[in-house]
Amino acid sequence: GLEEPPYLPIIEKDPGFLELFEEALERGKVITGHGCGLGGRELQAYRLMGAASDHECTTGVEAREKARVGQSISMREGSGASDVVNVCRAVTELGVDPRCFTFCGDEVEFLRLYKLGHLDYNLRLAVAAGVGPVRAVQMATINAAQLLGVDREMGSIAPGKLADLVLVEDLQQFKVRTVLVGGRPVVENGEFVAELKRPRYPRHMYRTVRLKRPLRLEDFAIPAPPGARRARVRVIGVTDGSLISDRREAWLEVRDGEVRADPGQDVLKIAMVDRYGRWDRVGLGFIQGFNLKRGAIGSTYNPLYENIVTVGADDRDLLAASRAIASMGGGFVAVDGGEVVGKLALPLFGLLSDETLEAAAAQMEQVYAGVREMGCKLKKGPFHTLAFMCACGEIGHLKICHEGLFDVEQRRVVDTVLEWE
């Protein structure tokens, strides 16, 4: 099917997108929607063209409106946005039919999955929010299978369906006791008992981060207008637990002809480096909400671009972080005082680790230890929050791209400096 096609081309009647939607529907495929903040006639137009679901709801009222036009609501519980508890109010307080709901992770950091769980964690949240346990299980199983058109094979326990079953100890905590895949046990008494064979990855999956040229310190400088002593700049605003950025402004000091970051105001620099060797310019801007007092963090894990994206209080650390990520072939990194204090390489396309789960988790814990030591207070996953500060759709207002700051509504790159004195 089509996964998360944007709604703006539909509203603007882009002939290419209209044809794409129509072709998908003619072939009987599912179109899963992406309607952040969408409502009214625009929502109806998006649904009319076949967007069967939406995972961007943040309130029960929004979920009710989208359910009324026939969309299935995938309640998101990700590292950058936690919406299950709020969206469940559509069921518990507003009377929307539970058949309209499913769950989704939508960009959950693997360490959180490792520690808290996936659908079992969503089930715990939903039940604690007042959804009946059986209704919650329905959301996680048959509702999702029906949405994706695979309910003939899975989603419920019945003759002729795949015997993929999970046995839990209770219907509040959903602690997994036994897992059957195809009728055969892979988990018994909470322990994984199946055998896994380590895969052999082809060579083309490695070394996919290729820069146009070596990075230099001056690549991370934001020049000030001649003669300026300070400047008023646009700032990407970050809210913990939300993927939606906002527009902010700040007055920053100018030194040596450059507009400087100010950790005292929590105004840091954000940078995007093209990883495909196409452009040698580094996209730069300012961002607020990470609370780094020093150092820099970054990764290649971000939607659409999968570029090197870093945020930091110091240009030298931004440079060191970007270089470290490039040398690893992609990954997560934390840099403090020019030294890498934590890293997890993602050498497979810059997106996946080839380590064991346990080894990768231990390395990521070290990365987070470095992030916390440098002052970051984001609770909902700093790397996923950073990932969605990239211009990747209609989420939010101000983002970063390889050319600089991107205004989502105007759909164009905008100047960082607004005025100076």
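## Strand β13 and its partners

In this predicted model, strand β13 (residues 267-273) pairs with strand β14 (residues 283-288) in the antiparallel sense, over 6 bridges. One of the residue pairs to look for is Val-267 of β13, whose bridge partner in β14 is Gln-288.

β13 also pairs with strand β16 (residues 308-312): the two run antiparallel and are joined by 5 bridges. Here you can pick out Val-273, which has Ile-308 of β16 as its bridge partner.

## Both faces of β13

How many of the residues of β13 are buried? The count is 7 of 7, so by the under 20% relative accessible area cut-off the strand is mostly covered.

In a regular strand, side chains alternate between the two faces of the sheet. For β13, Val-267, Lys-269, Ala-271 and Val-273 sit on one side, with Leu-268, Ile-270 and Met-272 on the other. Both of these faces are covered, and the residues named on each are all buried. Note that Lys-269 is part of that buried set too.

## The largest cavity

The structure holds 2 cavities of 30 Å³ or more. The largest has about 60 Å³ of space in it. Val-273, already met in β13, is in its lining, along with Asp-274. The rest of the lining is made up of Leu-211, Lys-212, Arg-213 and Leu-215, plus Trp-279, Asp-280, Arg-281 and Val-282.

What kinds of residue make up this lining? It splits into 5 nonpolar and 5 charged, with no polar ones. Among the residues lining the cavity are Lys-212, Arg-213, Asp-274, Asp-280 and Arg-281.

## The second largest cavity

The second largest cavity comes in at about 50 Å³. Its lining consists of Glu-77, Val-108, Arg-112, Leu-113, Gly-117, His-118, Tyr-121 and Asn-122.

Which helices should you look at here? α7 (110-116) and α8 (119-128) each supply at least two of the lining residues. By type, this lining divides into 3 nonpolar, 3 polar and 2 charged residues.

## Helix α9 and what covers it

α8 turns up again around helix α9 (residues 133-140), as part of what covers the buried residues of α9. Those buried residues are Ala-136, Gln-138, Met-139 and Ala-140.

The cover is drawn from helices and strands alike: besides α8, it includes the helices α6 (89-92) and α10 (142-147), and the strands β4 (72-76) and β5 (101-104).

Technical notes. Residues numbered from 1 in each chain as written. Predicted model: local features only at pLDDT ≥ 70, side-chain atom pairs only at ≥ 80, totals over all residues. Heavy atoms only, no water. 1 Å grid on protein atoms, 1.4 Å probe; cavity = no way out; pocket = protein on both sides within 12 Å on 5 of 7 lines; lining within 4 Å. Points joined across faces, edges and corners; volume = space filled by probe spheres on them. Nonpolar A, V, L, I, M, F, W, Y, C, P; charged D, E, K, R; others polar. Helix = DSSP H or I, 4+ residues; strand = E, 2+ residues; numbered from the N terminus. Buried < 20%, exposed > 50% of the residue type's maximum accessible area, 1.4 Å probe, protein only. Pairing = 2+ DSSP bridges. Contact = heavy atoms within 4.5 Å.
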